[in-house]
Amino acid sequence: MSADRKDSHLALCLEEDVELPSGDATGFAGLRFDHDALPEVDRAAVSTGVELLGRRLAAPILVGAMTGGTERAGELNRRLALAAARCRVGFSLGSQRRMLRDPAARATFAVRDAAPDLPLLVGNVGAVQLGDGVGAREVIRLVQEVGCDAFAFHLNPLQEAIQPEGETRFAGLMARLRAVVPEVPVPVLLKEVGAGISETTALKIRELPVAGVETAGVGGTSFALVESLRTEDPVQRAAGRLFARWGIPTAESVAICRRVLPGRVVVASGGIRNGIEVAKALALGADAAALALPLLRAAERSAEAAAELIARTVEELRTAMFLTGCRTVADLRQRRLSRVRDLTAEA
Ligand SMILES: Cc1cc2nc3c(=O)[nH]c(=O)nc-3n(C[C@H](O)[C@H](O)[C@H](O)COP(=O)(O)O)c2cc1C
């Protein structure tokens, strides 16, 4: 990824409207918990702590994969990592591809230098890079040079299709993943970037030796919109807008991944914006949830602002757990969600 491209993504995501227009694009608003007015648990006794990918977190939350590689990106990574460490939640790096050809870029990803007590650090590179000069040796380097606890390969065919310089050679990726994943010394996740993991994809992923997935479903940041704002080509621009809603809404993607991938980690992401949505994702079977764009915007202000947003989300999750009578996240994952429906229509 070129430095220019990374900085233009950052500028667009910080300054333009790159999320889907309001409405229930994620599918979470159409689901509700059974509110319990007699929860039989003290709010203070509710514990949001979990173990994820072998690491202990204060809440099932991660900072989503976003950035690194340029000076501005390095500073945002530092602030986000400080916020994650303070709140004892997970942190994901953006694509580390640049580290492979520019040794100076390492510093912008080496967040443990600033936040040594970060409980979970997830590395990242595009799966489509495999074969294009990136193999097991390079991925191992990316993991070791910054001390990752887990590593995510992103799957972004829609983004690449809209991007002017997009890499769309996706044929043969399954075989490359099958060969490289077992060589990676930490648990591996596969993630989308905003179009979601469908049942078709989840069934393929089931055949791969990965620890799990991150849904990054439809409903939040749209990379079709980001790329349509970035391109000068009117045809690509129109295509980006046309495909803005293409894909699987986050709530649906979480439910699919849980069903198709029993025993694997499912991280929910894509438009998750508050603790109620985190709670709903967990009730649908997710092990944790990641938030990207809102945390980037908060980190642009300060590390404190990002930490406050994480802390607020954790408190909202705690309240949702209290109101559904859950003492632990394991209890919450057993709770049922109903579809919001019009009762008068049934009368
Ligand atoms: C500025 C920006 C840069 C991103 N870069 C990456 C990346 O390098 N690798 C990746 O896997 N996902 C990347 N993403 C996608 C996010 O990890 C996430 O899947 C997506 O934004 C949906 O979550 P959200 O709606 O909470 O933003 C990026 C997102 C943003 C906003």
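Helices, α7 among them, are DSSP runs of H or I with at least four residues, numbered from the N terminus. With that in hand, here are some exercises on this predicted model.

**Exercise 1. The largest pocket**

Find which helix gives the largest share of the lining of the largest pocket, and describe that lining by class.

*Solution.* Start with the space itself: the largest pocket has a volume of about 450 Å³. Next, look at its walls, where 20 residues form the lining, and Leu-155, Pro-157, Phe-170, Thr-201 and Lys-204 lie nearest the centre. Then sort by element: α5 (157–162), α6 (173–180) and α7 (199–206) give two or more residues to this lining. The largest share, 4 residues, comes from α7. Finally, sort by class, which gives 13 nonpolar, 5 polar and 2 charged residues.

**Exercise 2. How α7 packs on α10**

Decide whether α7 is roughly parallel or roughly perpendicular to α10, and list the residues that meet.

*Solution.* Two packed helices are described by the angle between their axes and the distance between the axes. Here α7 and α10 pack at an angle of about 30 degrees, with axes 9 Å apart. Because angles under 35 degrees count as roughly parallel, α7 is roughly parallel to α10. The crossing of α7 past α10 is right-handed. For the contact, Glu-199, Ala-202, Leu-203 and Arg-206 of α7 meet Ile-256, Arg-259 and Val-260 of α10. By class, this contact has 4 nonpolar, no polar and 3 charged residues.

**Exercise 3. The second largest pocket**

Work out what α10 supplies to the second largest pocket.

*Solution.* This pocket has a volume of about 230 Å³. Its lining holds 15 residues, and Leu-31, Ala-251, Ala-255, Leu-284 and Arg-339 lie nearest the centre. Both α10 (250–260) and β12 (337–339) supply at least two lining residues, and the largest share, 3 residues, comes from α10. The lining divides into 7 nonpolar, 3 polar and 5 charged residues.

**Exercise 4. The cavities**

Say how many cavities of 30 Å³ or more the structure holds, then describe the largest cavity and the second largest one.

*Solution.* The structure holds 4 such cavities. The largest has a volume of about 590 Å³. Of the 40 residues that line it, Ala-65, Met-66, Lys-191, Val-193 and Phe-223 are the closest to its centre. The largest share of this lining, 5 residues, comes from α1. Its classes are 15 nonpolar, 18 polar and 7 charged. Now turn to the second largest cavity, with about 60 Å³ of space. Among the residues lining the second largest cavity are Leu-158, Glu-192, Phe-223 and Trp-246, and α5 and α8 (223–230) each supply at least two.

Note on methods:
Residues are numbered from 1 along each chain as its sequence is written. This is a predicted model: local features need pLDDT of at least 70, side-chain atom pairs count only at pLDDT 80 or more; totals for chains, interfaces and linings use all residues. Side-chain values use heavy atoms; hydrogens and water are left out. On a 1 Å grid over the protein atoms alone, a cavity is a set of points where a 1.4 Å probe fits but cannot get out, and a pocket is an open set with protein on both sides within 12 Å along at least five of seven lines; lining residues have an atom within 4 Å of a point. Grid points are joined across faces, edges and corners, and a volume is the space filled by probe spheres set on the points. Ala, Val, Leu, Ile, Met, Phe, Trp, Tyr, Cys and Pro count as nonpolar, Asp, Glu, Lys and Arg as charged, and the others, Gly among them, as polar. Axes are lines fitted to C-alpha atoms, for helices over the stretch in contact, and angles run from 0 to 180 degrees between N-to-C directions. Angles under 35 degrees count as roughly parallel, over 145 as roughly antiparallel, 65 to 115 as roughly perpendicular and the rest as oblique. A crossing is left-handed if the near helix is turned anticlockwise from the far one by less than a right angle, and right-handed if clockwise. Contact means heavy atoms within 4.5 Å.
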